[in-house]
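I opened this notebook to keep track of what I looked up, one topic at a time. The entries follow the order in which I went through the model.

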Amino acid sequence: MTASHSDSLVVLFGATAGAYGAKLGSDERELILLVWQVVDLPSKKVGTLHKSLVKADNLELSDQCREVSGLTPEGLGKAEPLDRVLQQFSQLVSSDLKVLGRSSYTLCSDGQLLIRQVLHPETSKKNFLLSDCFYSFYDLRKEFHTCYPSSATVKDQTIKTMAEYLGLGTNETEEDFGVWQVKTMVAIIFSMLSESCNHIFTEPETVKYKYETGPCSKSETVDSETVIRARGLPWQSSDQDIARFFKGLNIAKGGVALCLNAQGRRNGEALVRFVNSEQRDLALERHKHHMGSRYIEVYKATGEEFLKIAGGTSNEVAQFLSKENQVIIRMRGLPFTATQEDVLGFLGPECPVTGGKEGLLFVKYPDGRPTGDAFVLFSCEEYAQNALKKHKEILGKRYIELFRSTAAEVQQVLNRYMSTPLIPTLPTPIIPVIPPPYTIATGSVRDCVRLRGLPYTAGIDDILEFMGDATGDIKPHGVHMVLNQQGRPSGDAFIQMKSADKAFMVAQKCHKKMMKDRYVEVFQCSGEEMNFVLMGGTLNRSGLSPPPCKLPCLSPPAYAAFQTAAAVIPAEAALYQPQALLPATRTPQATAAAPPAVTYYPAQAAQLYMNYTAYYPSPPVSPTTVGYIAAPPGAVAAAATATHTPILPQPGALVRMQGLPYNTGMKEILSFFQGYQYAPDDYNGLIQLSDQARSVLQAPKEWVCL
């Protein structure tokens, strides 16, 4: 038991098998010694001094431990394990208090380390609970500095320096290790209780029993001296697991923020906010301590980083998280048509959701479309465990993933979907552009140039500046940046010139010219060679090697540009945009007076063309003709009121696949879709089809890779 003003103190000293003094507990070594004595404050009487060895799982002792303590593995091998020693501690303390006529007590230790960095972490790893007395204690160093302000700072205090300041004549060599420390601490306490000081022990240090969840607002001020970054966490670890790793240290309410990568998945990092800088400094001492079989790196971080991850502004999220001390579960992969009733039915009566529908939070895009993610609140660990057992069970036609989550992750996921969606969506409205007809040449005319060795930070503007006056000789939409399989610049680009002579002049003029801090190689090539390289082939001094294509049903696809015979709508536009933006279907009566084709582009270019091997060419751009111009209001109004039949995306439209294994190649993807053909019934409920169009859909399709 504890009290705000205790009648008795239990002076406690301990040692581990590793570091000693200021580094106690920093090396994650086990406790091997406990020494304690009860002190009755009103009568200034003491109980029996007790010394107990502790049998560690690893009896190997450090050289410093052997030298300072004089203990040996042989002697420790006969001792009791820690849980038995702590039971004996409680029994002996209760017996001594009874003799002194007292009932309540508070621990008093030399500094914070024994309680916070040794006892709490070790008992947490060994899965047994400490008694309540270990959650409240007096730090003798702080109490001494309060009583004697002119003494050394708390950080520089030791038992020996405090004794020397008081002029206590104690000889460390006269007593056993641990016994001298406890006796000296008791003498220091008696000096502080003397009439000259009359010190009163009233404000003990506290250790939080459990981590408290809660929301964090972006308007909140976070001290950078209280935040750390933990790296190397298991991907399935929760905020409670992280709080357990830092057991003994006080984490601020809602102070654990798991970090997510660009795909919205945990990246093994977390930002942790503590209640003060002292707790943060102790957390840094746990650098490379273990969570299971993994060691965790701990570094300093800033308050801005924490707010970026954990801070939120959504009232909906704040209301959802207002129910404190709830267990949060994240559901991923929900059908887009799933309702609150579907989710509650999936979870079942064995894991009731807190507040029913109010305990569900669906994650949506800014336009209201569902993302397939949801967060669920449970009132206790038992209900959450029951829910986690449903991991990968089926809802509708999809299996559902369930994970432990945190308040900070809720904020982070909502922030990222609402501000910068994890899956890019087309901005509205789509801006119509009317470019002149253009194609990518595929013949042997050497009217193209290849730029190799570009800085990875180079963009279209850098290339145009690099080419100087020759920019005017580039074909419309003739600049092709090449990206690697990770979507990053590969250092290559292809440019279509107006003639072979222009391409030759550019290659002569710009070859090995500097761009930023790198020289760039410029080679003349043909459209055919450009296509082969874009599709994964090689072009070098030995000649042209075609792209590797191991599937017999596939031929190396051409790098097709936008079609000019009809309006082309990017696949994502066809899927998500209002029907008013789609061009009207041509009818026999309107054939003679058909309006010019209009191509719709998203305001931000998307990757429309991909190959299946090494490179991903970015959308072709033009330094002369491409301009994002607003559509005349009358044209938009006419399109909105026109009667038309929706059209299918053109052959070669893109689809997005999520959840692929990281080592998946294009061959595996093509094999996955091998033999697939359109099923006419798939479109019956979506669009109106004529008999002629339906017969076209029923015909087998040959795959074209883009």
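**Overall make-up.** I began with the secondary structure of the protein chain, which comes to 21 helices and 29 strands. The model is a predicted one, and I read every value below with that in mind. Of the 706 residues in the chain, 46% count as buried. I then looked up the surface, and found that the protein chain exposes about 35600 Å², with carbon and sulfur atoms supplying 52% of that area. For the contacts with a separation of 6 or more, I noted that residues 24 or more positions apart account for 73% of them.

**Helix H4.** I turned next to H4, which covers residues 113–125 and has 13 residues. From its first C-alpha to its last it reaches 17 Å, close to the 18 Å expected at 1.5 Å a residue. Where does H4 have a kink? I found one of about 25° at Leu119, shortly before the proline Pro121. I also checked burial along this helix: 12 of its 13 residues are buried, so H4 is largely enclosed by the rest of the structure. The buried set includes both Leu119 and Pro121, and charged side chains are represented in it by Arg116 and Glu122, among others listed such as Gln117, His120 and Thr123. Just after H4, I noted that Asn127 takes a positive phi of about 60°.

**Helix H7.** For a second helix I chose H7, residues 179–192, whose 14 residues reach 20 Å from first C-alpha to last, close to the 20 Å expected at 1.5 Å a residue. Here 11 of the 14 residues are buried, so H7, too, is largely enclosed by the rest of the structure. Among the buried residues of H7 I wrote down Val179, Trp180, Val182, Met185, Ile188 and Met192, along with Gln181 and Thr184.

**Cysteines.** How many disulfides does the structure hold? I counted 0. Cys147 is in no disulfide, and the nearest cysteine sulfur, that of Cys197, is 3.5 Å away; the cut-off for a disulfide is 2.5 Å, so this distance does not qualify. Cys147 counts as buried at 16% relative accessibility, and Cys216 counts as buried as well, at 6%.

**Salt bridges.** I moved on to charged pairs, keeping in mind that side chains of opposite charge can pair when their charged atoms come close. The structure holds 32 salt bridges. I looked up the one between Arg229 and Glu269, whose closest N and O atoms are 2.7 Å apart. This pair links distant parts of the chain, with Arg229 in strand E9 (residues 227–231) and Glu269 in strand E11 (residues 266–274), 40 residues apart. Both Arg229 and Glu269 are buried.

I then followed strand E11 to Arg266, whose side chain meets that of Glu409 in a salt bridge of 2.7 Å, N to O. Arg266 lies in E11 and Glu409 in helix H14 (residues 407–419), so this pair ties together parts that are 143 residues apart in sequence. Are the two partners buried or exposed? Arg266 is buried, with a relative accessible area of 17%, and Glu409 is buried, with 1%.

My third entry under this heading is the salt bridge in which the side chains of Asp367 and Arg369 meet, at 2.8 Å from N to O. Arg369 is partly exposed, with a relative accessible area of 22%. I also recorded that salt bridges with shared partners join Arg116, Lys142, Glu205 and Glu278 into one network; Arg116 is one of the buried residues of H4.

**Two single positions.** I closed with two residues picked out for their surroundings. Leu33 has its place in strand E2 (residues 31–40), and is buried with a relative accessible area of 0%. Leaving aside neighbours within four places in sequence, Leu33 is in contact with residues including Phe13, Lys51, Leu53, Val54 and Phe177. I noted further that Leu33 and Thr16 are 17 residues apart in sequence and 6.8 Å apart in space, C-alpha to C-alpha.

Ser293 is found in the loop between strand E12 (289–291) and strand E13 (294–300), and is exposed, with a relative accessible area of 73%. Ser293 and Pro234 are 59 residues apart in sequence, while their C-alpha atoms are 9.7 Å apart in space.

Methods
Residues numbered from 1 in each chain as written. Predicted model: local features only at pLDDT ≥ 70, side-chain atom pairs only at ≥ 80, totals over all residues. Heavy atoms only, no water. Buried < 20%, exposed > 50% of the residue type's maximum accessible area, 1.4 Å probe, protein only. Helix = DSSP H or I, 4+ residues; strand = E, 2+ residues; numbered from the N terminus. Expected span 1.5 Å × (residues − 1). Bend = angle between axes of the 7 residues up to and from the residue. Contact = heavy atoms within 4.5 Å. Areas by Shrake-Rupley, 256 points an atom, 1.4 Å probe, with all protein chains shown as cover. Salt bridge = Lys/Arg side-chain N within 4 Å of Asp/Glu carboxyl O.
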